[in-house]
Amino acid sequence: MAKVIVIDPGHGGLDPGAVGNGLQEKDVTLAIAQRASYFLRQYGADVRLTRAGDRTFSTDKHADLNARAEFANNAQAAYFVSIHINAGGGSGFESYVMTGMADEEAGRRQNIMHREVAEAFEKAGLPDRGKKTANFAVLRLTNMPAILLECGFIDRDEDATLLRNRTFIDSIAEAIARGAAKAMGIFSSPLVDNPSPNQPQVISKYYKDITPGMEWAAASVDKLFERGIMRGDGQGNFRPFDKMTRLEAAVALNHAIEYVLKQLGR
Ligand SMILES: [Zn+2]
């Protein structure tokens, strides 16, 4: 039976997490988690995400973190990887395991995972802030080895520019997948049909940046194109994690209303 790994994209729904430079933590963590799960499946892992869309288990922060840990415990996961984006003055990557190191295996895996992901950040010119410990709820409440990754600072220009870049997101996601596979002892040469991370497989009829992991939204994105309600940038990109301005919202809403009126014959 394939080993279960739970990937936890931090925040979601009404909780955006950290914000800065037009980005919200909840969107970036989901993008990284979706691509990491795609790469991890290449190693034969049974990957489960605590959330696949813009939502949480609960609007109560404590209940939500509890539910994320419980999700992993119920899945009898072999590893729990929580993905977050930092803020508050700084740059680069750091990783956390539970304070006290009661779980030696978590520390051993942190060494492996940290090396892979820090290297991907350093290649892009962002520093390695080191391996740390903290008493985070998701680390404390999960009963398997667990790690929390703080992937760059959303409120620093250089970090945010990279977090907006699909190639960078893919390089981080691939490093997380490789690190987790090595830590769990399922690492092998990627499958032959593993597409290059720089050329993600496309699952949309119209956009090259709608890629595996976004299946839950791809059909809606294509339908909006076909109905003339929302378009991309004219160069084949939808820019799935860009924010919408009020002007863009007004145009899209008006297109939608016109479409409906036309269907009604008015
Ligand atoms: Zn966070």
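1. A quick word on terms before the rest: a residue is called buried here when its relative accessible area is under 20%. Keep in mind that this is a predicted model.

2. Let's start with strand β1, residues 4-9. Both of its faces are covered, with V4, V6 and D8 buried on one side and I5, I7 and P9 buried on the other. That makes six of six residues buried, so the strand is largely enclosed by the rest of the structure.

3. β1 also has strand partners to look at. Four bridges join β1 to β4 (residues 46-49), and the two run parallel; in that pairing I7 stands opposite L49. Five bridges join β1 to β5 (residues 79-86), again a parallel arrangement, and here D8 sits opposite S82.

4. Now the metal. The zinc ion takes its protein donors from H11 (through NE2), E25 (through OE) and H84 (through ND1), at 2.1 to 2.2 Å. Along the sequence, the spacing of these donor residues reads H-x13-E-x58-H. H11 and E25 link distant parts of the chain: H11 belongs to the loop between β1 and β2 (19-20), while E25 is in helix α1 (residues 25-41), 14 residues apart.

5. Are H11 and E25 buried or exposed? H11 has a relative accessibility of 12%, under the 20% cut-off, so H11 counts as buried. E25, with a relative accessible area of 3%, is buried as well.

6. On to the packing. The largest nonpolar core has 49 residues, and I5 and I176 are the ones with the most contacts inside it. Helix α6 (residues 166-184) supplies the largest share of this core, 11 residues. I5 deserves a second look, as it is also one of the buried residues of β1.

7. What does I176 touch, leaving aside neighbours within four places in sequence? The list is I32, A36, V81, I83, M113, V117 and L149. Of these, I32 and A36 fall within the residue range of helix α1 (residues 25-41), and V81 and I83 within that of β5 (residues 79-86).

8. There is a second, separate core too. This one has 13 residues, including F80, A134, V138 and L148.

9. Finally, the overall layout. The protein is divided into domain 1 (4-184) and domain 2 (215-263). Their C-alpha centres lie 30 Å apart. By residue number, the zinc donors H11, E25 and H84 fall within the bounds of domain 1 (4-184).

Key:
Residues numbered from 1 in each chain as written. Predicted model: local features only at pLDDT ≥ 70, side-chain atom pairs only at ≥ 80, totals over all residues. Heavy atoms only, no water. Buried < 20%, exposed > 50% of the residue type's maximum accessible area, 1.4 Å probe, protein only. Pairing = 2+ DSSP bridges. Donors = N, O, S within 2.8 Å, 3.2 Å for Na, K, Ca; no water. Core = buried A, V, L, I, M, F, W, Y, C linked by side-chain atoms within 4.5 Å. Contact = heavy atoms within 4.5 Å. Domains from an automatic or database assignment.
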